Amino acid sequence: MPPAGDRRKRHEAAPGAGLSAGMEPVRRVLLVGEGNFSFAASLCGAEGTRVVATCYESEEEVFGCGGAAENVQRLREKGAEVMFSVDCTKLKDYFLPGKREFDCIHFNFPHCGRKAGVVKNRELLAHFFHSSAEVLSEEGEVHVVLCNGQGGTPADQPRREWHNSWQIVAVAAGAGFILSNIHPFKAETIHGYKCTGYRSQDKSFCVEGALSHIFTRSMPLSYFKPMICEIELENRKVSFQVPQVFVDKINRGFLEPNSNHPVRTLKEKLTAELCQAFPLQNIDFCLSLLHQGQLDGVCHSNIFWIILNLEETPSTEEMSNGLANAVSFHHVDFCRDADKNGWVNVQQECHISKQYYLRPSLLPYARAVIQRGAFLPETLYVISGLVFRKCFITPYSMPVFHEMVFVSAINRGTEKSYIQMLVNNIKTSIHSLLQTVPSFKLSMNLQEAMSFETAELNDFAAFESQLSKIQYLICVKTDTSDSHEKGSCVGVIRTAHYELVSSELVVVFASLNLDLLAMLMCGICDWRMLWTSDNRFLHQFPRGELRLFKSFSLYPPSYVHDVSFWLPDGEQFDEVAFHTIARQVSCEMVTSIQLIDSFQQSETGRKSFCYRLTFQSCDKALSRQVVAEMQLLFRKEINQHLRVTVR
């Protein structure tokens, strides 16, 4: 699809009607529900366009409307096609397969007529969108103009109550469309246009404050097949099933050399800037995907545990039946908890147990660099890669993100000045990147970890504090942050003392959450957008530049479902697992989970919880029906895996 930014420029060029803005690059334009054809006549003749104008009424009915005959004649003289008695809910019936690929479809002021209520008009729109999907090109647009207040979006002023609106974004989602732009429909700027009422009645629609809604096709919701990760371990094939929430994320290659993803841009800029101030060495060898061993201090609910299978990879028959995808990692080794010997490979006759887990941090690799002794004092070593952590569902809590770790052994007593120098250079690189976002303000500061209460830490910092003691937090505030807030923690800094070559050396570790930092710098308010497969995201970021992100899916509908259940007797409820199951069954469509009620029977002591789930997509069309199916599956999964009794 064309970049959303390009689309906006076209529409903003003529916000009055979405006409020349939407028409200049369009080859074939279909207009449905025309009244007196004055709108179609205003479009006809634009360079590079072919107009097909249709109406619901018969030719005789239309010609009884003042000015219609003249407009139809003008359209035909300019080469436009005019069709009568066309039902916009059955468009494919009127066009041969080779003539269905319209680049733009217009429907101005749709209405069922007379005293039809909002439900009837929603049904009309629903059928129209489904019909449009059958005759629209892949990169086409659907323009719908509604009277002020009808659409039910925040752009309507005043805004009606949701139940009393046409709910156009939710209705369009049912046909696979997302709202990509919205602007005023200024009828007075359209030469010759005269709005009529339902079926060309004399009483016209109220055009004051009307809005033009521009819809584009959404990427389909992704239901990925299970993925098996195959590795070689001591000349033996071992496999494990990738957790379902990571099937579309584990092999995306955002940090690869040919990537223009903002996370890579940020990483490269940081590396280039720090290289000017420090002797720097990238650790670019293949990092272990899995760890083995105990995690002291880390809550096991926050870890993605893995069960290894020896010589049990999917059979050829299973692969051919599409039961699993196989991804090979031939150079993956395992990393135990780092000790004085550094990395330790699993022995050939290893016992397969649940003590393997997806790496939650790159800190063990940074420690291994120092503990192996093969390091140069004052040299800054850099390690980057994905890490995986179970967490609660919030817009800024990420179960997977790209971590960047810096480690250096320096002279004892110089820690504070070295850390400040490191942070200052990180600031410089960030401000350099923000030159392409002149209207956006961001400040970074170093704060002592002791100044934060545990409740003030975000998920990233809270998990880091479990790994080992933190001395400093790297916090970022944007121009939209509350002035009293301390900012979002995007990095942590630790120091440690080891038995090194010289007792005069101390080690500094700095960890950055690249994804969170990129979100804050680009104004991205939902971590899921970083992982979208829609090209309109990456098209906004030229190679080596960061830009302020503009959403290509405006006012996405949200749906609320409640679930109540009894807890199993004598067992602790794993709320993180509850959130993780919601992520999995909803394909990351759940944006919020809130405990709204709890109850305990006085006689039996049984406990019951009631949670409210909010479903919403940031980049795809999400319909009410699909959400209802997700909710049913969620109820089954928590019953099976958490052994709760759903009420």
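**Salt bridges, sheets and helices in a predicted model**

Glutamate 464 and arginine 389 form a salt bridge, with their closest N and O atoms 2.4 Å apart. The two residues come from separate parts of the chain. Glutamate 464 belongs to helix 12 (residues 459–467), whereas arginine 389 sits in the loop between strand 17 (380–388) and strand 18 (400–411), so the salt bridge ties together parts that are 75 residues apart in sequence. Glutamate 464 has 0% relative accessibility and therefore counts as buried. Arginine 389 also counts as buried, because its relative accessibility is 4%; the cut-off for a buried residue is under 20%. The model is predicted, and every value reported here is computed from it.

The whole structure contains 14 salt bridges. One of them joins the side chains of aspartate 526 and arginine 528, at 2.7 Å from N to O. Both of these residues, aspartate 526 and arginine 528, are buried. Another joins aspartate 534 to arginine 536, with an N to O distance of 2.9 Å. Here too, aspartate 534 and arginine 536 are buried. Salt bridges can also link up into a network, as they do for Arg264, Lys267 and Glu268.

These three residues lead to helix 8. Helix 8 spans residues 262–277, which makes 16 residues. From the first C-alpha to the last, helix 8 reaches 23 Å, close to the 22 Å expected at 1.5 Å a residue. Among the buried residues of helix 8 are Arg264 and Lys267, both members of the network. Others include Pro262, Val263, Leu266, Leu270 and Leu274.

The chain as a whole has 16 helices and 26 strands. Of its 647 residues, 53% are buried. Contacts often join distant parts of the sequence: among contacts with a separation of 6 or more, 73% are between residues 24 or more positions apart.

Two of the sheets are described next. Strands of a sheet pair through backbone hydrogen bonds, and the pairing is either parallel or antiparallel. One open sheet has seven strands in the order 10-17-18-22-21-20-19, with mixed pairing. Strand 10 (280–282) and strand 19 (442–448) stand at its edges. Each has a single partner strand, so one side of each is left without a neighbour in the sheet. On average, neighbouring strands of this sheet are turned by 25° against each other, direction ignored. Strand 19 pairs with strand 20 (residues 472–478) in the antiparallel sense, over seven bridges. Within this pairing, serine 443 has lysine 477 of strand 20 as its bridge partner.

Strand 20 also holds cysteine 475. Cysteine 475 is in no disulfide; the nearest cysteine sulfur belongs to cysteine 489 and is 5.1 Å away. A disulfide would need the two sulfur atoms within 2.5 Å. The count of disulfides for the structure comes to zero. Cysteine 475 counts as buried because its relative accessibility is 0%. Cysteine 610 is buried as well, with a relative accessible area of 13%.

A second open sheet of seven strands runs in the order 3-2-1-4-5-7-6, and its pairing is mixed. Its edge strands are strand 3 (81–83) and strand 6 (177–184), each of which pairs on one side only. The twist averages 20° from one strand to the next. Strand 1 (residues 28–32) and strand 4 (residues 102–108) pair in the parallel sense, over four bridges. Leucine 31 stands opposite histidine 106 of strand 4.

Helix 6 (residues 118–133) packs on this sheet. Helix 6 touches strand 1, strand 4, strand 5 (136–146), strand 6 and strand 7 (211–217). The direction of helix 6 makes about 155° with that of strand 5. Helix 6 has 16 residues and reaches 22 Å from its first C-alpha to its last, close to the expected 22 Å. Its buried residues include Val118, Leu124, Leu125, Phe128 and Phe129. Asn121, Arg122, Ser131 and Ser132 of helix 6 are buried too. The partners of the buried residues of helix 6 are strand 1, strand 4, strand 5, strand 6, strand 7 and helix 7 (168–173).

Key. Residues numbered from 1 in each chain as written. Predicted model: local features only at pLDDT ≥ 70, side-chain atom pairs only at ≥ 80, totals over all residues. Heavy atoms only, no water. Salt bridge = Lys/Arg side-chain N within 4 Å of Asp/Glu carboxyl O. Helix = DSSP H or I, 4+ residues; strand = E, 2+ residues; numbered from the N terminus. Buried < 20%, exposed > 50% of the residue type's maximum accessible area, 1.4 Å probe, protein only. Pairing = 2+ DSSP bridges. Axes fitted to C-alpha atoms, helices over the stretch in contact; angles between N-to-C directions. Contact = heavy atoms within 4.5 Å. Expected span 1.5 Å × (residues − 1).
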